[in-house]
Amino acid sequence: MGCAGSSQAKADGSVKKIRKPKPWKHPQPITKSQLIQMRDEFWDTAPHYGGRKEIWDALRAAAEAELSLAQAIVDSAGVIVQNADLTICYDERGAKYELPKYVLSEPTNLIRET
């Protein structure tokens with residue numbers, strides 16, 4: 001296991017493989033439509049907190065894609081993955097991008113709407 005503070009170096013081939021986030025639970029059970037609304041609000045406001053819009057767009061595309069495609073998206077965008085579940089990433093200029101678990105996966109207590 002590597003040092004927690006070390007950065008990803010593409011030259012030596014130590015690219016972090018993206019994985020699904022660990023199961024998590026929202027403080028209150030929420031519906032799929034509430035989850036989608038939370039995600040939309042996050043993605044609409046995220047670029048206003050710093051970083052580059054094209055990196056936010058790449059992270060959104062990766063968050064909404066299958067793992068293999070997500071890996072290709074972050075690699076091609078030059079995103080440096082700190083946490084393999086994409087919760088903390090950096091761009092090549094060192095700007096930090098933090099993604100909440102709710103944009104990456106569904107909570108275990110999601111209410112199935114009928």
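Is Thr-87 buried or exposed? Thr-87 is buried, with a relative accessible area of 12%, and one of the views below looks at its surroundings. Please keep in mind that this is a predicted model.

**View 1. The whole protein brings together four helices and five strands.** Starting at the N terminus, you can follow the elements in the order β-α-α-α-β-β-β-α-β. The protein has 114 residues, and 36% of them count as buried. About 7,200 Å² of the protein is exposed, and carbon and sulfur atoms supply 54% of that area. Among contacts with a separation of 6 or more, 60% are between residues 24 or more positions apart.

**View 2. Helix H2 spans residues 53-63 and has several buried residues.** Look here for Ile-55, Trp-56, Ala-58, Leu-59, Ala-62 and Ala-63, which are buried. Seen down the axis of H2, these buried residues fall within an arc of 160°, so they line one face of the helix. What lies over them? The cover includes three helices, H1 (32-45), H3 (67-77) and H4 (101-104). Strands S3 (88-90) and S4 (96-98) are also part of that cover.

**View 3. The largest nonpolar core has 21 residues.** Good places to begin are Trp-43, Trp-56, Leu-59, Val-74, Leu-86 and Leu-99, the residues with the most contacts inside this core. Helices H1, H2, H3 and H4 each supply at least two of the core residues. Which helix gives the most to the core? That is H2, with six residues. As background, nonpolar side chains tend to be buried together in soluble globular proteins.

**View 4. Leu-59 of helix H2 is buried and touches residues from several places along the chain.** Leaving aside residues up to four places away in sequence, Leu-59 touches Trp-43, Val-74 and Val-79. By the same count, Leu-59 also touches Cys-89, Tyr-97 and Leu-99.

**View 5. Ring pairs link Phe-42, Trp-43, Trp-56, Tyr-97 and Tyr-102 into a cluster.** The count of aromatic pairs in this model comes to five. In one of them, the rings of Phe-42 and Trp-56 have their centres 6.0 Å apart and their planes at 75°, so the pair is edge-to-face. Phe-42 lies in helix H1 and Trp-56 in helix H2, so this pair ties together parts that are 14 residues apart in sequence. Both Phe-42 and Trp-56 are buried.

**View 6. Trp-43 and Trp-56 form another ring pair, and both are buried.** Their ring centres are 6.5 Å apart and their planes are at 70°, so this pair is edge-to-face. The pair links distant parts of the chain, with Trp-43 in helix H1 and Trp-56 in helix H2, 13 residues apart.

**View 7. Thr-87 sits in the loop between strands S2 (80-81) and S3.** Why does Thr-87 count as buried? Its relative accessible area is 12%, and buried means under 20%. Which side chain makes a polar contact with the side chain of Thr-87? It is that of Asp-85, at 2.7 Å. Not counting residues up to four places away in sequence, Thr-87 touches Tyr-97, Glu-98, Leu-99, Lys-101 and Leu-104. You may recognise Tyr-97 from the ring cluster and Leu-99 from the core.

Conventions: Residues numbered from 1 in each chain as written. Predicted model: local features only at pLDDT ≥ 70, side-chain atom pairs only at ≥ 80, totals over all residues. Heavy atoms only, no water. Buried < 20%, exposed > 50% of the residue type's maximum accessible area, 1.4 Å probe, protein only. Contact = heavy atoms within 4.5 Å. Areas by Shrake-Rupley, 256 points an atom, 1.4 Å probe, with all protein chains shown as cover. Arc of directions from axis to C-beta. Core = buried A, V, L, I, M, F, W, Y, C linked by side-chain atoms within 4.5 Å. Phe/Tyr/Trp six-rings, centres within 6.5 Å; stacked < 30°, edge-to-face > 60°. Polar contact = N/O pair within 3.5 Å; in protein donor to acceptor, adjacent residues only side chain to side chain.
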